[in-house]
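Me: I'd like to go through this one by asking why each label was given. Can you set the values against the cut-offs as we go?

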Amino acid sequence: MMMLNMGLLRSALVISFFSTIYTREWNTHEYMIREHSLVKPYQGLGTSIPYWDFLGSTMVTNNYIRLTADAQSLRGAIWNKAPCYLRNWEMQIHFKVHGRGKDLFGDGFVFWYVKEPMQEGDVFGSKDFFTGLAVVMDTYSNHNGPHNHGHPYISAMVNNGTLHYDHDRDGTHTQLSSGCVSKFRNLDHDTYISIQYVHDTLTVAGVKLPLGYFLGVSAATGDLTDGHDIISLKMYDLSTPDDDILEDRINIMPSASFFEPPRDHVEDPKPSSLTTWKKVVLLVFGVITICGCVFIGGLFYTKQKEQQRKRFY
Ligand SMILES: *[C@@H]1O[C@H](CO)[C@@H](O)[C@H](O)[C@H]1NC(C)=O
Ligand SMILES: [Ca+2]
């Protein structure tokens, strides 16, 4: 498993959602950057959390930070106060999405690396037309037409402030490559997502992100609900001495060298009207989706809880 993780680091693969047996802390060879991390105990002096701001429905307890409760029409977020100047990094998010809904639940949460933090909005509680990166953990399928997929669904989007996140299409018009399905709700074991940004590579896509943006996580509920909890955020510096320092990394625009070209928002055709070539196009999309999932995620692991570990050793 450690080998796998090293392999991941080397090949700069990214959004891996883990959930199988795992008995060691990952990444013990890298330093956790305290000012970009959030670990228990959360509270500093008084009610504030060192390095973090919170917004909306967010509630801090001793054991988790609840962005939204399992109730309707909530928006919550936590935002890192310190701009992030790491050139290569890995963010490990320990989270829990839980709710009473068996078939209907939502909406999901997002990990952000953006220019404008602390702005409430319509994209899972945060600002649309953002500038930077969003990794979207979408639990509710708004859409049943072409390009739909199972849920919960993990995908990434890079924006320079001009693109709109289209909820009606679950963001498939603007995602980088294809995301993957990951059943992370209501699990008994701990659930983590690891997001790596190494040598401009996020998953299979080339992505250029400026330095000095802000990290955050936000979540929202609408008519459908779920509790969205963050247990910890651990940021690791993966920079190496040979990283280029020549390029101006502060003022560049976020960009991606490859993503699915934005599509116009058109009404769904009736299934019976599918012509043969449309079926071929859909088939090709299916193949791309499978490849995307192989690259993006699909590494599952269950982390044994601290207590269990103590019991076993
Ligand atoms: C922003 O991104 C869009 C879509 O990729 C692109 O067409 C546009 O040229 C970009 N604008 C800037 C200012 O980089
Ligand atoms: Ca959705």
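Me: How many helices and strands does the protein have?

Reply: The secondary structure comes to 3 helices and 17 strands. Keep in mind that this is a predicted model. Of the 313 residues, 53% are buried.

Me: What share of the contacts in the protein with a separation of 6 or more comes from residues 24 or more positions apart?

Reply: That share is 78%. As for the surface, the protein exposes about 14,600 Å², with carbon and sulfur atoms supplying 59% of it.

Me: What is the strand order in the open sheet of 7 strands?

Reply: It goes β2-β5-β15-β7-β9-β10-β11, with antiparallel pairing.

Me: Why do β2 and β11 stand at the edges?

Reply: β2 (52-56) and β11 (180-181) each have a single partner strand, so one side of each is left without a neighbour in the sheet.

Me: What makes β10 and β11 a pair?

Reply: Pairing takes at least two bridges, and β10 (residues 153-160) and β11 have 2, in the antiparallel sense. So the count meets the cut-off, and they are called a pair. Ile-154 has Cys-180 in β11 as its bridge partner.

Me: Which strands does β6 join by bridges, and how many bridges are there?

Reply: β6 is joined to β16 (residues 227-237) by 10 bridges, running antiparallel, and Phe-95 stands opposite Ile-230 there. β6 also pairs with β12 in the antiparallel sense, over 7 bridges, with Gln-92 and Ser-194 as bridge partners. As for cover, 9 of the 10 residues of β6 are buried.

Me: Why is the pair of Trp-89 and Tyr-197 called tilted?

Reply: The structure holds 9 aromatic pairs, and in this one the centres are 5.7 Å apart, with 40 degrees between the planes. Centres within 6.5 Å make a pair, under 30 degrees would be stacked and over 60 edge-to-face. An angle of 40 degrees falls in neither range, so the pair is tilted. Trp-89 is in strand β6 (residues 89-98) and Tyr-197 in strand β12 (residues 191-197), 108 residues apart. Both Trp-89 and Tyr-197 are buried.

Me: And what makes the pair of Phe-109 and Phe-184 edge-to-face?

Reply: Their planes are at 70 degrees and their centres 6.2 Å apart. The edge-to-face label needs over 60 degrees and a pair needs centres within 6.5 Å, so both conditions are met. Phe-109 lies in strand β7 (residues 108-114) and Phe-184 in the loop between β11 and β12, so the pair ties together parts that are 75 residues apart in sequence.

Me: How do you know whether Phe-109 and Phe-184 are buried or exposed?

Reply: Buried means under 20% relative accessible area. Phe-109 has 1% and Phe-184 has 1% as well, so both count as buried.

Me: Which residues do ring pairs link into a cluster?

Reply: Trp-89, Phe-111, Tyr-113, Tyr-197 and Tyr-213.

Me: Why is Arg-185 said to sit over the ring of Phe-105?

Reply: Its charged end is 3.5 Å from the ring centre. The distance limit is 6 Å, with a further limit of 35 degrees from the ring normal, so the distance part of the test is met.

Me: What makes Asp-138, Tyr-140, Asn-142 and Asp-170 donors of the calcium ion (ligand 2)?

Reply: The donor atoms lie 2.2 to 2.5 Å from the ion. For Ca the limit is 3.2 Å, so they qualify. Asp-138 appears twice through OD, Tyr-140 gives O, Asn-142 OD1 and Asp-170 OD. The spacing along the chain is D-x1-Y-x1-N-x27-D.

Me: Why is Asp-138 called buried and Asn-142 partly exposed?

Reply: Asp-138 has a relative accessible area of 3%, under the 20% cut-off, so it is buried. Asn-142 is at 35%, between 20% and 50%, so it counts as partly exposed.

Me: What is unusual about Phe-129 and Asn-186?

Reply: Most residues other than glycine have a negative phi. Phi is near 50 degrees for Phe-129 and near 50 degrees for Asn-186. Phe-129 lies in the loop between β8 (120-123) and β9 (131-138), and Asn-186 in the loop between β11 and β12.

Me: Which peptide bonds are cis?

Reply: One joins Lys-40 and Pro-41, with omega about -10 degrees. Another runs from Gly-106 to Asp-107, with omega near 0 degrees.

Note on methods:
Residues numbered from 1 in each chain as written. Chains lettered and ligands numbered in written order. Predicted model: local features only at pLDDT ≥ 70, side-chain atom pairs only at ≥ 80, totals over all residues. Heavy atoms only, no water. Helix = DSSP H or I, 4+ residues; strand = E, 2+ residues; numbered from the N terminus. Donors = N, O, S within 2.8 Å, 3.2 Å for Na, K, Ca; no water. Buried < 20%, exposed > 50% of the residue type's maximum accessible area, 1.4 Å probe, protein only. Phe/Tyr/Trp six-rings, centres within 6.5 Å; stacked < 30°, edge-to-face > 60°. Contact = heavy atoms within 4.5 Å. Areas by Shrake-Rupley, 256 points an atom, 1.4 Å probe, with all protein chains shown as cover.
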